[in-house]
Amino acid sequence: MKISRRAAAGTATIILLCSAAFGQRGSAGESLKSLADQYRDCVSVEVRVHTDEVPGVSVRSASTHAVLSDGRLASSTWIGFTGPLASVWTTPPTEYRYRSEGEVIVPWSPQTYLRLGPEEIEGGALEHDRLAYLSAPWPRIAEWSADLEHAEDLVFSRSDGVYTAMSRTLGLSLRWEESGRLLAAASGNDAAWREFEFQGLSPGPFFPPSSALQRLRVGKVARPEVTLIYDRVAFNLADEEAAVSSGSVTGTLLRYEVETGDVFEPSGELSYNEPELLRTLSMKSSWGPTWARVVWGVAGLLVSASVFLVWKNHRAA
Amino acid sequence: MRPLTTFIGLTRVALGSMFLFVAVAKITQFEVLPIGPANGPRVFAYAIERNGLIPAAWSMPVAILVIAAEVLMGVWLLSHRRAALAGLGAAAVLAAFSIYLVFAMQHQGAATCNCFGTLQPIDVRWEIARNIGLMLVALVVRAGPAGRAPRVCDRMATNIAA
């Protein structure tokens, strides 16, 4: 049998590509397994992070996250807007999680904690939102590594001892060192993509970082990078040791009307209108509503009159 | 003596302005609390409730009383009438606030002041140090000349009376 040189070259190329692909998947699988092994014993983590003021943006924030390996998350976030009145701070529930269209979970507890998880909410599962875990992803790494390993569109690369695994369908990307230290985690899609690059990694178990660089891309627009400082990273705490214990955190499911922005209590009573609330909050950062301006104006007049009295007395003396 | 009198007068204005500022800041504040969006004295009442020293049912009346006291103190100081007594009153009010903060701190290890209309916790030692500083200012006002209103005030009062 005579085989043409062209056919032989084609067959060789196909064999080479197939073996390369299988070789890559094999290599990816081993690397992802070794990454998972480093974090398999990480059952939970509690982190406290804060961000310094972004230059030119008057926003300050601090948050606490407790992440469990089964995907439960307790999170609280404070965001403040500073305006001409330095004392003005707002504490809105900054992260709404939609279980389904028309429903929103908002924090409801003295600590403003928000707890999410499939088994926490009666009446259905809550889809995991990886973005919610990104600042404290370590208990989730073993599971995410397995997800990536089995992803059909896995893109795996290795360069200078640093591995990267990414899947668009999972909306997930991990970067780690050969030693198994997680360097970065990213999640999202074309509409919004967020990456946390961990810095100052300790050698200890699970390699806790001292800070992280957050990169956020919305559409084609990249937001300014934000540095998160980790004030506390504590792994595998018992409930009684953790600031967020299982008993102290509750959530409530409110009805949210997408068209109007009205948020209703479970009883059906209107709680607030979100656009109106945001308008009020933004007004608050300057002068507040009209009645507040009038009150400030009266106070200003009283002070002016008082200064005038001192001046008149000074002249009369 | 004239520059000193003027200085004391301006100090009184500063202290009175501060009292008025903190009261108006509390009246006009708006926060989204865990209990829902709230404004004015409700936010301050929430801060008092969280400190746990006063029964929850009393937090709102106490909040209104404190704000009213601050408004009255501010207007009194700004009026320059019975200034020495006003200075003493301001020092007493500040001392009461400080004692409350110390007890609240001892009670649960942290205290929320909401003094300047914010729920953002500040180290309570700073809050107490600030109050001591303001008390010193109040004592400067107290040490002011003779505790009488400025002449212009006297004239105005006479005119009003007439």
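A residue is taken as buried if 20 or more other C-beta atoms lie within 10 Å of its own C-beta atom. In the predicted model described here, this criterion is met in helix α3 of chain A, residues 141–149, by A:I141, A:A142, A:W144, A:S145, A:L148 and A:E149. When α3(A) is viewed down its axis, these buried residues fall within an arc of 165°, and they therefore line one face of the helix.

Chain A, to which this helix belongs, contains five helices and 16 strands. Of its 317 residues, 27% count as buried. Among the contacts in chain A between residues at least 6 apart in sequence, 51% join residues that are at least 24 apart.

One residue of chain A that illustrates such separation along the sequence is A:W138, whose C-alpha atom is separated by 8.4 Å from that of A:L182, although the two residues are 44 residues apart along the chain. A:W138 is placed in the loop between α2 (130–133) and α3 of chain A, and A:W138 counts as buried because it has 26 C-beta neighbours inside 10 Å. When residues up to four places away in sequence are left out, A:W138 touches A:Y39, A:C42, A:V45 and A:F206.

The last of these contacts, A:F206, belongs to the loop between β10 (192–199) and β11 (211–218) of chain A, and A:F207 is also placed in the loop between β10 and β11. The backbone angle phi has a positive value in each of these residues, neither of which is glycine: phi is near 70° for A:F206 and near 50° for A:F207. A:F206 counts as buried because 20 C-beta neighbours lie inside 10 Å, and A:F207 is likewise buried, with 20 other C-beta atoms within 10 Å.

In chain B, attention turns to a pair of helices. Two packed helices are described by the angle between their axes and the distance between the axes. The axes of helix α2 of chain B, residues 41–51, and helix α3 of chain B, residues 59–79, come within 8 Å and cross at roughly 115°, and the crossing of α2(B) with α3(B) is right-handed. On the side of α2(B), the contact is formed by B:P41, B:F44, B:A45, B:I48 and B:E49, which meet B:S59, B:M60, B:V62, B:A63, B:I64 and B:I67 in α3(B). Sorted by character, the residues of this contact comprise nine nonpolar, one polar and one charged.

In soluble globular proteins, nonpolar side chains tend to be buried together. The largest nonpolar core of the model has 44 residues, and those with the most contacts inside it are B:F19, B:V22, B:L77, B:A90, B:L94 and B:A138. Two or more residues are given to this core by α5 (290–316) of chain A, together with α1 (2–28), α2, α3, α4 (83–108) and α5 (124–142) of chain B. The element that gives the most to the core is α1(B), with 12 residues. For B:A90, the contacts, not counting residues up to four places away in sequence, are with B:L15, B:M73, B:L77, B:A138 and B:V141. Apart from the largest core lies another core, of 31 residues, which includes A:L32, A:L172, A:W176 and A:A186.

Terms used
Residues numbered from 1 in each chain as written. Chains lettered and ligands numbered in written order. Predicted model: local features only at pLDDT ≥ 70, side-chain atom pairs only at ≥ 80, totals over all residues. Buried ≥ 20, exposed ≤ 12 C-beta atoms within 10 Å, placed from the backbone. Helix = DSSP H or I, 4+ residues; strand = E, 2+ residues; numbered from the N terminus. Arc of directions from axis to C-beta. Axes fitted to C-alpha atoms, helices over the stretch in contact; angles between N-to-C directions. Left-handed = near helix turned anticlockwise from the far one by under 90°. Contact = placed C-beta atoms within 7 Å. Nonpolar A, V, L, I, M, F, W, Y, C, P; charged D, E, K, R; others polar. Core = buried A, V, L, I, M, F, W, Y, C linked by C-beta atoms within 7 Å.
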